[in-house]
Amino acid sequence: MKILLVGYFNETAKTKIVRCFPKDWDIVIVPPGKEMLHHMEDCQVLIPEHVKVDSSLLSMAKNLKLVQTGAGFDNIDIDACTQFGVWAANSAGVNAQAVAEHVMALILSYYKNIPFLDSFMKNKINEDELAYTSSELAGKTIGIIGLGAIGKKVAKFCQVFDMNVLSYVRNPVVQSDSFIKIVDLDTLLSASDIISVHIPLNQQTKQLINKSTFKKMKDSALFINTARGGIVNEKDLIDALKNNNIAGACLDVFESEPLSLDSELRELDNVILTPHTAGMPDSRKFHKKRYDFFVNNIKRVENGKEPESKLNQLL
């Protein structure tokens with residue numbers, strides 16, 4: 001069984017990843033490029049990051065049985081996989097706990113001024129000169145865009161902090177807990193103190209959050225994105241932050257990754273940034289639960305079964 005992982009991984013991550021798979025499997029980890037194309041010819045499973053899986057790529061993979069992704073699958077042409085007789089599956093919900101915890105860490109860091117206070121202490125400034133503002137979470141309203149596994153987990157965490165929870169869902173039949181109030185998007189934007197994005201990136205959600213959207217938010221609002229960078233128009237976000245249309249942002253994902261070293265987001269005091277690590281609690285580019293899921297799914301396909309969390313249906 002040959003497994004091809006395509007992405008940018010350091011040596012530490014590679015070692016951890018390989019250890020998750022059975023020893024008799026051939027695990028190949030390469031960046032996008034010519035070497036990837038060479039291995040596409042005889043791999044049975046493709047785990048792609050930072051590469052588009054389309055008809056052109058699939059046509060090279062004569063032995064491919066499964067394209068397996070993490071939670072997001074915006075880089076996968078699902079119809080093309082079906083046409084080539086290849087299963088496509090993600091790992092929905094596997095990283096829900098990790099991402100939801102990360103969201104709460106960002107919220108607390110922002111409202112408790114943790115980055116500022118940490119810097120203050122380490123710079124050994126006289127505490128008589130300390131001046132800052134802070135806030136409690138109790139009574140604040142969070143608006144959660146998307147109510148999948150991650151969104152629901154975030155909602156439950158916020159309930160514990162005595163926060164009010166609103167949610168906007170594209171599918172009105174989505175079941176929610178009684179403490180979550182389902183509202184339309186405009187109501188969520190105008191009524192929320194915190195807005196957190198938890199939807200996939202697709203044609204319907206691309207740049208859903210833009211100049212018009214930010215104008216509907218409170219000028220005291222905190223915007224959080226741990227989903228996909230393409231859901232947000234980054235230039236409009238920067239303008240909203242610089243013009244005080246919103247108070248701040250906490251971001252784990254960006255339109256282009258890794259985030260450019262000269263991005264204005266790195267210079268703004270009202271922004272907290274993390275490098276797309278919300279779903280990777282075990283270390284940079286690694287989450288054991290994810291790879292345990294991958295191994296189980298690969299074994300299912302190898303044994304002639306349908307993969308869990310399938311994205312297409314083969315005849």
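**Exercise 1. Is His50 buried, partly exposed or exposed?**

Task: Classify His50 and describe its backbone.

Solution. This is a predicted model, in which local features need pLDDT of at least 70, side-chain atom pairs count only at pLDDT 80 or more, and totals for chains, interfaces and linings use all residues. Residues are numbered from 1 along each chain as its sequence is written, and side-chain values use heavy atoms, with hydrogens and water left out.

Step 1. The classes are buried (under 20% relative accessible area), exposed (over 50%) and partly exposed in between, with a 1.4 Å probe and protein chains only.
Step 2. His50 has a relative accessible area of 43%, so it is partly exposed.
Step 3. His50 is found in the loop between β3 (45–48) and α3 (55–58); helices (H or I, at least four residues) and strands (E, at least two) are DSSP runs, numbered from the N terminus.
Step 4. Phi of His50 is near 60 degrees, a positive value in a residue other than glycine. Asn113, in the loop between α5 (96–111) and α6, also is not a glycine and has a positive phi, of about 55 degrees.

**Exercise 2. The chain as a whole**

Task: State how many helices and strands the protein chain has, and assess its compactness.

Solution.
Step 1. The secondary structure comprises 11 helices and 12 strands.
Step 2. The radius of gyration is 21 Å, close to the 20 Å that the globule rule gives for 315 residues, so the chain is as compact as a globular protein of that length. The radius is taken over C-alpha atoms, and the rule is 2.2 Å times the number of residues to the power 0.38.
Step 3. The C-alpha trace spans about 65 × 50 × 35 Å along its principal axes.
Step 4. Of the 315 residues, 49% are buried.
Step 5. Contact means heavy atoms within 4.5 Å. Among contacts between residues at least 6 apart in sequence, 60% join residues at least 24 apart.

**Exercise 3. Two domains**

Task: Give the domain bounds and describe how domain 1 and domain 2 are placed.

Solution.
Step 1. Domain 1 covers 2–93 + 287–303, and domain 2 covers 95–273; such bounds come from an automatic or database domain assignment.
Step 2. The C-alpha centres of the two domains lie 31 Å apart.
Step 3. At their meeting, 5 residues of domain 1 are in contact with 6 residues of domain 2.

**Exercise 4. Strand β1 and the loop that follows**

Task: Compile the surroundings of Leu4 and Gly7.

Solution.
Step 1. Leu4 lies in strand β1 and, with a relative accessible area of 0%, is buried.
Step 2. Beyond its neighbours within four places in sequence, Leu4 is in contact with several residues, including Val28, Val30, Met36 and Ile47.
Step 3. Gly7 belongs to the loop between β1 (2–6) and α1 (11–20); its 4% relative accessibility makes it buried.
Step 4. With neighbours within four places again set aside, Gly7 is in contact with Val30, Pro31, Pro32, Glu49 and His50.
Step 5. Gly7 and Val51 are 44 residues apart along the chain, and their C-alpha atoms are separated by 7.6 Å.

**Exercise 5. Salt bridges**

Task: Describe three of the 11 salt bridges in the structure.

Solution.
Step 1. A salt bridge is a side-chain nitrogen of Lys or Arg within 4 Å of a carboxyl oxygen of Asp or Glu. Side chains of opposite charge can pair when their charged atoms come close.
Step 2. Lys2 and Asp42 meet at 2.7 Å, N to O. Lys2 lies in strand β1 and Asp42 in the loop between α2 (34–40) and β3, so the pair ties together parts that are 40 residues apart in sequence. Lys2 is buried at 10% relative accessibility, whereas Asp42 is partly exposed at 35%.
Step 3. Lys216 pairs with Asp186, the closest N and O atoms being 3.0 Å apart. This pair links helix α9 (residues 211–216) with helix α8 (residues 185–191).
Step 4. Asp239 and Lys235 have their closest N and O atoms 3.1 Å apart. They stand 4 residues apart in helix α10 (residues 234–242), and therefore about one helical turn separates them. Asp239 is partly exposed at 30%, while Lys235 is exposed at 56%.
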